[in-house]
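Grab a pencil and keep the viewer open. Let's work through a few exercises together, one step at a time.

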Amino acid sequence: MTKAVNEEIATEGTASKDRFLNRELSWLEFNARVLAEAENTKIPLLERVRFLSISASNLDEFYMVRVAGLKGQIDAGVTVESPDGLTPSQAMEAVRERANRIMRDQQDCWRRLKIELRGAGILVLSREEFTPEDLSQLKIYFDAQVFPLLTPVAIDRAHPFPFIPNMGYSMALQICRKKDGKVMRALIPLPNMMERFVKIEGDGQVRLVMLEDIIAQFLADIFPDFDVEQWAWFRIIRDTEVEIDEEAEDLLRTFQSALKQRIRGTIVSLTVAEDISDDLCQMIVDEAGAKPEAVIRIGELIGLTNTAELAELDRPDLLFEPFNARFPERVRELGGDCFEAIRQKDFIVHHPYESFDVVVQFIRQAARDPNVVAVKQTLYRTSNDSPTVAALIEAAEAGK
């Protein structure tokens with residue numbers, strides 16, 4: 001083969017890399033477009049807040065799976081270039097840079113949305129805005145609803161740093177004992193079942209207070225014998241990627257084992273407040289077992305996913321007009337008998353214009369029909385309280 005031919009092949013090979021987009025970077029651009037909907041003033045205000053929440057939730061999942069996958073390749077010493085010409089290390093560097101820009105844009109968007117929400121009569125209060133009446137209400141709420149659920153933990157040789165689960169949100173503190181001046185470290189894990197935005201009575205407006213601000217306001221009640229010198233919130237995202245050998249002899253046992261391991265996945269993201277002190281940040285990094293490159297500093301609100309709570313406010317004027325999906329008429333006319341409707345003629349259900357309830361009803365009917373011996377279905381994603389999964393469990397319990 002001549003030198004000229006070799007050079008031509010090499011040139012074509014290099015140029016071919018330009019034909020491909022990096023998968024992770026392409027996904028981040030998609031999520032940037034989701035975030036752009038939160039900036040779209042043609043969309044109702046609370047729907048824009050919902051889009052902000054969706055973009056944040058998407059990014060959390062991206063870190064749990066995609067970034068975790070890149071980290072796994074790097075830790076395994078993989079240096080092979082993907083079709084777009086990037087090694088795992090190069091891709092990780094590019095991903096972190098783009099993801100950080102998106103996170104900054106999300107925080108800027110949240111600041112602007114808070115101003116617009118205030119103009120619409122929905123106030124997300126800062127601690128500096130608390131009135132004596134607010135503090136009185138918040139004290140009652142704290143004593144009854146928050147304090148009983150908090151479990152402060154001392155961090156010292158006798159009390160090791162507790163395990164923080166995936167998506168775990170906690171406060172790290174440096175406190176000083178009043179009687180002898182001894183400086184100590186402590187941790188307050190935040191229960192994940194609590195609402196992040198707490199509504200308090202106001203003068204015709206919707207007044208909301210962040211849960212972490214309530215806790216910070218009453219730290220003296222949690223540590224009555226200490227002076228709180230500094231504190232900061234942080235949030236952990238862990239590797240949740242699951243690799244399954246489909247040739248395993250017992251898939252059920254394999255999945256059970258993989259899911260247990262996933263709970264204790266390595267930390268891929270440690271989000272901290274931007275103004276956290278260096279020594280407190282280093283303590284969290286060291287004790288949690290995170291890598292320095294996993295640390296992300298956030299200037300406004302850690303965990304923007306929870307802003308979805310605002311979209312549940314009773315303000316229909318700030319939401320899309322409700323849409324009622326159509327239920328297939330043939331199934332309704334036959335008293336909900338999906339099998340009989342299909343016997344008469346096949347039909348297609350068009351989502352979201354037609355209700356997904358008919359699919360759930362179809363599975364439930366299959367679960368209860370003695371002539372059905374198996375249900376085979378591919379599920380891409382389900383919610384925590386999925387009626388589809390409940391119907392499939394019913395089928396399995398019926399021996400199908």
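**Exercise 1: the sheet**

Work out how the strands of the open sheet are ordered and which ones sit at its edges.

Step 1. The open sheet has three strands in the order 1-6-5, and the pairing is mixed. Strands here are DSSP runs of E with at least two residues, numbered from the N terminus, and two of them pair if DSSP finds at least two bridges between them.

Step 2. Strand 1 (122-125) and strand 5 (197-200) each pair on one side only, which makes them the edge strands.

Step 3. From one strand to the next, the twist averages 35°.

Step 4. Strand 1 and strand 6 (residues 206-210) run parallel, joined by four bridges. Look for Val124: its bridge partner in strand 6 is Leu208.

A quick note on the model: it's predicted, so local features need pLDDT of at least 70, side-chain atom pairs count only at pLDDT 80 or more, and totals for chains, interfaces and linings use all residues. Residues are numbered from 1 along each chain as its sequence is written, and side-chain values use heavy atoms, leaving out hydrogens and water.

**Exercise 2: Val389**

Find the helix that holds Val389, then decide: is Val389 buried, partly exposed or exposed?

Step 1. Val389 belongs to helix 13 (residues 387-397); helices are DSSP runs of H or I with at least four residues.

Step 2. Its relative accessible area is 30%, so Val389 is partly exposed (buried is under 20%, exposed over 50%, partly exposed in between, with a 1.4 Å probe and protein chains only).

Terms used
Axes fitted to C-alpha atoms, helices over the stretch in contact; angles between N-to-C directions.
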